[in-house]
Amino acid sequence: MFYQPTMMDALSEYDSARYVIFGVLFDGTSSFRPGSRWAPDAMRGVSSNFESYIPFFDIDLADLPIHDAGNLEKYASVDETLTALFYSVEPIVRDGKIPIMLGGEHSLTLPCVKACAGQTGDDFGVVVLDAHFDLREEYGGLKYSHACVSRHIIDEVTANYAAIGIRSGPKEEWDFAKENNILYYTPEDVAEVGIKNVLSEVIEYLECTRIYLSLDMDAIDPSYAPGLGTPEPFGLSAVDVREVIRTLAPMAVGFDVVEISPEYDGGQTAILGTKLMREFIAAHAAGYK
Ligand code: MN
Ligand code: MN
């Protein structure tokens, strides 16, 4: 018997699904090592590695209504891609489902955040895991570059925003973050106070019950995640990032995993990203039980 390779345990049809996974094969603005366009199918490929049972939550993913919608149609420019993505994600959110976007590069997060914010209202915030501030107004003459996504989230969607894992950016971005009282935690902050305390502070600061959670995989130390577009040493541990996802997933109305560049490793970054996505779904389902 033949079958179409899809995300393991994504056994549900769209109509009955609570979780809708989709890929976006776009890395057109990637500045250093493009290749994140290959990540969604790489993640599907490695997903058969995992048992469907998640012991920590006593949940079997095969029992959850998860749908793999496939990949977004390809467009030439970043603007066309972001527009098409917005109009593809908005109906998923309107149907009461949780969109789970597999990038692709980080610029793709903005339309997903917009679609979720539009359906959620004021009780909404954004948490980004990233090595980079992504607070530039434009990069290389391009407004919607992957290096600018957090700036546009704050300017165009909500200032109810926090970032974890930050350790890279020009001085202007560090100054901008401080002048605008943007809440961020470096890996040193996390090591000092512990990830559970960081998460308590983030939840208290945001003062909302619904968030969008974005995982730029370069938040994680490249020793755990070497297959990245822009690797940055001295990052978060994989265990701490799992804790972020386990804790925040029940609040999330949308989630993404971006910036995996699978050609630069032996598959371990796609494996880790896929595992974290599965943790997200299990944690979200457990939180709503
Ligand atoms: Mn980023
Ligand atoms: Mn980054």
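1. Starting on the inside: the largest cavity holds about 30 Å³ of space. Keep in mind throughout that this is a predicted model. With the threshold set at 30 Å³ or more, the count comes to one cavity. Its walls come from Leu82, Ser107, Leu110, Tyr144, Ser145, Cys148, Val149 and His152. Sorted by class, that lining has five nonpolar and three polar residues, and no charged ones.

2. Next, the pockets. The largest pocket comes out at about 260 Å³, and 18 residues line it. Nearest its centre you'll find Ser31, His132, Arg136, Ala147 and Thr230. The lining of this pocket splits into eight charged, six polar and four nonpolar residues. One of the residues nearest the centre, His132, turns up again below as a donor to the manganese ion (ligand 2).

3. The second largest pocket has a volume of about 160 Å³. It is lined by 13 residues, with Leu25, Phe26, Asp27, Lys74 and Tyr75 lying nearest the centre. Here the class tally reads seven nonpolar, two polar and four charged.

4. Now the metals, beginning with the manganese ion (ligand 1). Who holds it? His106 through ND1, plus Asp130, Asp134 and Asp216 through OD atoms, coordinate the manganese ion (ligand 1) at 2.1 to 2.2 Å. Along the chain, these donor residues follow the spacing H-x23-D-x3-D-x81-D.

5. For the manganese ion (ligand 2), the protein donors are Asp130 (OD), His132 (ND1), Asp216 (OD) and Asp218, which is listed with OD twice; they lie 2.1 to 2.4 Å from the ion. The sequence spacing here is D-x1-H-x83-D-x1-D. His132 sits in the loop between strand 6 and helix 4 (149–156), while Asp218 is in the loop between strand 9 and helix 8 (238–248), so this pair ties together parts that are 86 residues apart in sequence.

6. How far apart are the manganese ion (ligand 1) and the manganese ion (ligand 2)? They are 3.2 Å apart, and Asp130 bridges them. Asp216 also appears among the donors of the manganese ion (ligand 1) and among those of the manganese ion (ligand 2).

7. On to the fold. Eight strands make an open sheet with parallel pairing, in the order 4-1-5-10-9-6-7-8. Why do strand 4 and strand 8 each have one side without a neighbour in the sheet? Strand 4 (66–71) and strand 8 (183–185) stand at the edges with a single partner strand each, so one side of each is left free of a sheet neighbour. From one strand to the next, the twist averages 15°.

8. A closer look at the strand 8 edge: strand 7 (residues 161–164) runs parallel to strand 8 and is joined to it by three bridges. Within this pairing, Ala162 has Leu183 of strand 8 as its bridge partner. Packed on the sheet is helix 7 (residues 195–206), which touches strand 6 (125–129), strand 7, strand 8 and strand 9 (211–216). The direction of helix 7 makes about 165° with that of strand 7.

9. Two backbone spots to check by eye. Most peptide bonds are trans, and most residues other than glycine have a negative phi. Gly103 and Gly104 are joined by a cis peptide bond, with omega about 10°; Gly104 is placed in the loop between strand 5 (98–102) and helix 3 (109–120). Asn181, not a glycine, has a positive phi of about 50°, and lies in the loop between helix 5 (171–179) and strand 8.

Terms used: Residues numbered from 1 in each chain as written. Chains lettered and ligands numbered in written order. Predicted model: local features only at pLDDT ≥ 70, side-chain atom pairs only at ≥ 80, totals over all residues. Heavy atoms only, no water. Pairing = 2+ DSSP bridges. Helix = DSSP H or I, 4+ residues; strand = E, 2+ residues; numbered from the N terminus. Axes fitted to C-alpha atoms, helices over the stretch in contact; angles between N-to-C directions. Contact = heavy atoms within 4.5 Å. 1 Å grid on protein atoms, 1.4 Å probe; cavity = no way out; pocket = protein on both sides within 12 Å on 5 of 7 lines; lining within 4 Å. Points joined across faces, edges and corners; volume = space filled by probe spheres on them. Nonpolar A, V, L, I, M, F, W, Y, C, P; charged D, E, K, R; others polar. Donors = N, O, S within 2.8 Å, 3.2 Å for Na, K, Ca; no water.
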